[in-house]
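Q: I have a model open and a few things to check before I get back to the bench. Can you go through it with me?

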Amino acid sequence: MKVLIVQQVECEGPGYLEDFLHEKRIEYEIARMYEGEQLPDDFDALIVLGGPMNVYEEERYPYLKRLTTTITNFVTEGGHYLGFCLGGQLLAKALGAKVRRNHTREIGNFEIHLTERGVEDPLFKGFKHTFPALEWHGDTFEIPERAIKLAESELCSNQAFRFKNAYGLQFHLETTPEMLAEWVEVYADELNEEGIDAAIMLKETEKKADIYRKLSNQMFTNFFS
């Protein structure tokens with residue numbers, strides 16, 4: 001199996017995902033779009049990470065159009081896909097669903113609630129009906145036609161969906177405490193606008209680090225099995 005990871009910006013890397021792939025000795029390649037790298041044609045699973053851009057900013061980020069086409073072709077043919085945050089929004093857009101501003105930014109540690117279909121879905125095998133996750137987004141996706149809603153939260157009604165073998169997630173389970181420490185510096189303006197204390201958020205996330213690592217390991221185990 002060969003996994004392609006699409007990385008949108010330098011600070012939003014694969015995190016716990018890369019640890020998992022190393023441990024399981026799964027072959028992978030990272031396409032770093034911020035360095036102008038091209039998307040390879042040969043891969044068995046596609047994982048798209050997050051980023052601060054909007055899915056419709058194709059003039060500013062021309063690769064988004066090519067990436068969206070790649071996602072559409074891959075998932076409609078039954079390809080195995082996992083998208084975090086922007087990666088989930090790109091999947092929704094690729095399937096014809098609307099991506100729009102959420103009524104509020106969701107930044108910090110929140111509770112994710114699985115729907116009845118989410119509880120039954122193999123991606124969330126071993127998960128409790130409610131579990132914590134890190135969030136950092138202002139946009140949200142609508143659920144595409146023929147897709148199944150799997151999760152929600154108090155501030156954002158669509159947190160996860162499935163289409164065939166493709167999953168779009170709004171939340172982050174790949175993010176390590178080290179990555180978050182970089183995010184609070186790179187995206188400091190967003191925290192200031194929302195009145196969020198970076199130190200408090202970092203401390204809360206650090207307390208949940210073991211839980212997040214276990215949840216990410218469970219999710220990746222489920223996805224790759």
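Q: Which residue is the bridge partner of isoleucine 148 in E8?
A: Arginine 162 is the bridge partner of isoleucine 148. Keep in mind that this is a predicted model.

Q: How many bridges pair E7 and E8, and in which sense?
A: E7 and E8, the latter being residues 160-163, pair over 3 bridges in the antiparallel sense.

Q: And what joins E5 to E7?
A: 2 bridges join E5 to E7, which covers residues 148-152, and the two strands run antiparallel. Alanine 151 in E7 stands opposite leucine 114.

Q: Staying in E5, is isoleucine 112 buried or exposed?
A: Isoleucine 112, which has its place in strand E5, is buried, with a relative accessible area of 0%.

Q: What is isoleucine 112 in contact with?
A: Leaving aside neighbours within four places in sequence, the contacts of isoleucine 112 include His129, Thr130, Phe131, Ala133 and Glu135. Ala151, Glu152, Ser153, Gln159 and Phe171 are also in contact with isoleucine 112.

Q: How far apart in space are isoleucine 112 and histidine 129?
A: The C-alpha atoms of isoleucine 112 and histidine 129 are 8.2 Å apart, and the two residues are 17 residues apart in sequence.

Q: Switching to cysteines. How many disulfides does the structure hold?
A: The structure holds 0 disulfides.

Q: Why no bond for cysteine 11?
A: The closest cysteine sulfur, in cysteine 85, is 12 Å from the sulfur of cysteine 11, so the pair is too far for a bond. A disulfide would need the two sulfur atoms within 2.5 Å. Cysteine 11 also counts as buried, at 7% relative accessibility.

Q: What about cysteine 156, how far away is the nearest cysteine sulfur?
A: That of cysteine 85 is 9.4 Å away, and cysteine 156 is in no disulfide. Cysteine 156 is buried, with a relative accessible area of 1%.

Q: Cysteine 85 keeps coming up. Where is cysteine 85 found?
A: Cysteine 85 is in the loop between strand E4 (80-84) and H3. Cysteine 85 counts as buried at 5% relative accessibility. Its phi is positive, about 55°, although cysteine 85 is not a glycine. Most residues other than glycine have a negative phi.

Q: Which other non-glycine has a positive phi of about 55°?
A: Arginine 25 has a positive phi of about 55° and is not a glycine. Arginine 25 lies in the loop between helix H1 (16-24) and strand E2 (27-32). Arginine 25 is exposed, with a relative accessible area of 79%.

Q: Back to H3. How many of its residues are buried?
A: H3 is mostly covered, with 9 of its 9 residues buried. Among them are Leu86, Gln89 and Lys93. Glycine 96 follows H3 and has a positive phi near 90°.

Q: Now pockets. What volume does the largest pocket have?
A: The largest pocket has a volume of about 320 Å³. Gly51, Pro52, His137, Gly138 and Glu190 are the closest to its centre, out of 20 residues that line the largest pocket. Helix H3 (86-94), strand E5 (99-114) and strand E6 (130-141) each give two or more residues to that lining. The largest share, 4 residues, comes from E6.

Q: How do the residues of that lining of the largest pocket divide?
A: The lining of the largest pocket has 7 nonpolar, 7 polar and 6 charged residues.

Q: And the second largest pocket, what volume?
A: The second largest pocket has a volume of about 200 Å³. Its lining has 7 nonpolar, 4 polar and 1 charged residues. H8 gives the largest share of that lining, 3 residues. Residues lining the second largest pocket include Met1, His80, Arg162 and Phe224.

Q: Last one, phenylalanine 220. Which helix does phenylalanine 220 lie in?
A: Phenylalanine 220 lies in helix H8, residues 209-224. Phenylalanine 220 is buried, with a relative accessible area of 0%.

Q: What does phenylalanine 220 touch?
A: Not counting residues up to four places away in sequence, phenylalanine 220 touches Tyr16, Leu17, Phe20, Leu82, Phe84 and Glu174.

Technical notes:
Residues are numbered from 1 along each chain as its sequence is written. This is a predicted model: local features need pLDDT of at least 70, side-chain atom pairs count only at pLDDT 80 or more; totals for chains, interfaces and linings use all residues. Side-chain values use heavy atoms; hydrogens and water are left out. Buried means under 20% relative accessible area, exposed over 50%, partly exposed in between (1.4 Å probe, protein chains only). Contact means heavy atoms within 4.5 Å. On a 1 Å grid over the protein atoms alone, a cavity is a set of points where a 1.4 Å probe fits but cannot get out, and a pocket is an open set with protein on both sides within 12 Å along at least five of seven lines; lining residues have an atom within 4 Å of a point. Grid points are joined across faces, edges and corners, and a volume is the space filled by probe spheres set on the points. Ala, Val, Leu, Ile, Met, Phe, Trp, Tyr, Cys and Pro count as nonpolar, Asp, Glu, Lys and Arg as charged, and the others, Gly among them, as polar. Two strands pair if DSSP finds at least two bridges between them.
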